Amino acid sequence: MGIARWLNRTVGFFVFALLDIADFLLCYTYKTLDYFLESERKPCYCSSPPEAQAKTEKIIVSERGGYSKVVSLTRSKIHFDEISDTLYSRGPSLLTRLSKLVRSVKCFNYKGLIMRGNVVESCDHHESKKKISKGKKRLMTLNSTVIEKSSTAPRWSDCHCSFCTSWLTSTNRDSLFVKVQQPKDNKKARDNVVFIHGFVSSSAFWTETLFPNFSDSAKSNYRFIAVDLLGYGRSPKPNDSLYTLREHLEMIEKSVISKFKLKTFHIVAHSLGCILALALAVKHPGAIKSLTLLAPPYYKVPKGVQPAQYVMREVARKEVWPPMQFGASVLSWYEHLGRTIGLVLIKNHQLIEFVTRLLTLNRMRTYLIEGFLCHTHNGSFHTLHNIIFGSGAKLDSYLDHVRDHVDCDVAIFHGGKDELIPVECSYSVKSKVPRATVHVIPDKDHITIVVGRQKDFARELELIWQRTKST
């Protein structure tokens, strides 16, 4: 086991070193293509702070605890959106180390070091301070960059098919796509169940598996509501969004809680959705009747460690095996490689679905492909960092709040062979919320915890809801 682990890390070192180079080259490739195809070079998270300051309408205030604040200045108000520092500080790659070394040597030879007591400031930092001082106003010091505000239309590298762009022509283009299954006589619905999918997924993860398999009794007593999260499926995919926790929550509240006038409801959430479910429980503690969490990505962060960076290194370890782990690492660490994957796969998802059906003689249902590929790189990249990684500092307080202030049943399910989110995460949730029950399903992974056992899971959910006291 030790040799296999060493081999995995050794091979990973060389593979990710090559990916560092590829992402570096792709950065300039996309800037060139964007300029010719969209008449502007859009800044990315490789940009230097002065460049970002000149090109974006948003600025960043650095804070302790793994977070920064995106400040959007408008005529009427100032918005503060929490973003994860992993977006712009994803660790020192090989090329990053080399470029810093070159800059430091150049700085030493030509401009010298600026000594102030025991502190050494780099010449880049000194120059940025000079530029700020020359301006009319000094608002704050930037230490990052964000994607500049753009139109809502899909970018040239995004999919333009009718499915992915249906929200642009919808009368509810500012609301999430919601799939509802309810009794014929809606007045008979005793309660509501909200389903929240995980990362690179969609409402079909629930509607194609659980909805058909609930008992007649459940179908006649509950209204089932499944959403496509912001940036996924048929929901809006705005290019000017940073897909922060606040944005995701507000869209769920507007599209589900307010629209359907929900006073009480159960929540069933998978992976990424568990973070949103806990945040909803904190905001609406009296409305939650039960929380069912599948593979919650909760990592206990050691003291003195930056939470977002720690969670990222746990979720996206630079290893080539297993394949799901490798894929998560590539999407997490490499902004431009992720965009390339989107260009190759996501933009051609209809062709992939057609080929899949052809090869399987139309025997394979392709709803998982739909969920996995119907999104934009901008939405997924920001959601991955701002929700999964960026919430690392918040989950402790969320779980404490659920333990102390949310009077509801908490059930946790986890696949015994989940290679993406380890089972220990679920047990860590229970350590924070002792009343929670943990169900480890042997021989099931991150997806087959539901897919393939939907009938059994539907029965398990019904038992959970039946145990809940009527309100």
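The largest nonpolar core of this predicted model holds 70 residues, and I196, I267 and L291 have the most contacts inside it. Helix α8 (residues 272-283) gives the most to this core, with nine residues. A nonpolar core is a set of buried Ala, Val, Leu, Ile, Met, Phe, Trp, Tyr and Cys residues joined through side-chain atoms within 4.5 Å. Helices are DSSP runs of H or I with at least four residues, numbered from the N terminus. A second, separate core of 26 residues includes Y222, V268, I449 and V451.

Leaving aside residues up to four places away in sequence, L291 touches I267, A277, L278, A281, V402, C408, D409, V410 and A411, where contact means heavy atoms within 4.5 Å.

The model is predicted: local features need pLDDT of at least 70, side-chain atom pairs count only at pLDDT 80 or more, and totals for chains, interfaces and linings use all residues. Residues are numbered from 1 along each chain as its sequence is written, and side-chain values use heavy atoms, with hydrogens and water left out.

Side chains of opposite charge can pair when their charged atoms come close. The whole structure contains 17 salt bridges, each defined as a side-chain nitrogen of Lys or Arg within 4 Å of a carboxyl oxygen of Asp or Glu. Three of them are listed below.

| Salt bridge | Closest N to O distance |
|---|---|
| D34 and R339 | 2.9 Å |
| E250 and R246 | 3.1 Å |
| D396 and K432 | 3.8 Å |

The bridge between D34 and R339 links distant parts of the chain, with D34 in helix α1 and R339 in helix α11 (residues 335-344), 305 residues apart. Both D34 and R339 are buried; buried means under 20% relative accessible area, exposed over 50%, and partly exposed in between (1.4 Å probe, protein chains only).

E250 and R246 are separated by about one helical turn, because they are four residues apart in helix α7 (residues 245-258). E250 is partly exposed at 38% relative accessible area, and R246 is partly exposed at 31%.

D396 lies in helix α15 (residues 395-405) and K432 in helix α16 (residues 424-432), so their pairing ties together parts 36 residues apart in sequence. D396 is partly exposed at 28% relative accessibility, whereas K432 is buried at 16%. Salt bridges with shared partners join D396, D400, R403, D404 and K432 into one network.

On the surface, L18, I21, F24, L25 and Y28 form a nonpolar patch with about 520 Å² of accessible area together. Y28 is placed in helix α1 (residues 2-38). Patch residues have over 30% relative accessible area and no salt bridge; like charges are joined within 9 Å, and nonpolar side chains (Val, Leu, Ile, Met, Phe, Trp, Tyr) within 5 Å. Accessible areas come from the Shrake-Rupley method with a 1.4 Å probe, and for residues only the protein chains shown count as cover.

How values were computed
Helices (H or I, at least four residues) and strands (E, at least two) are DSSP runs, numbered from the N terminus.
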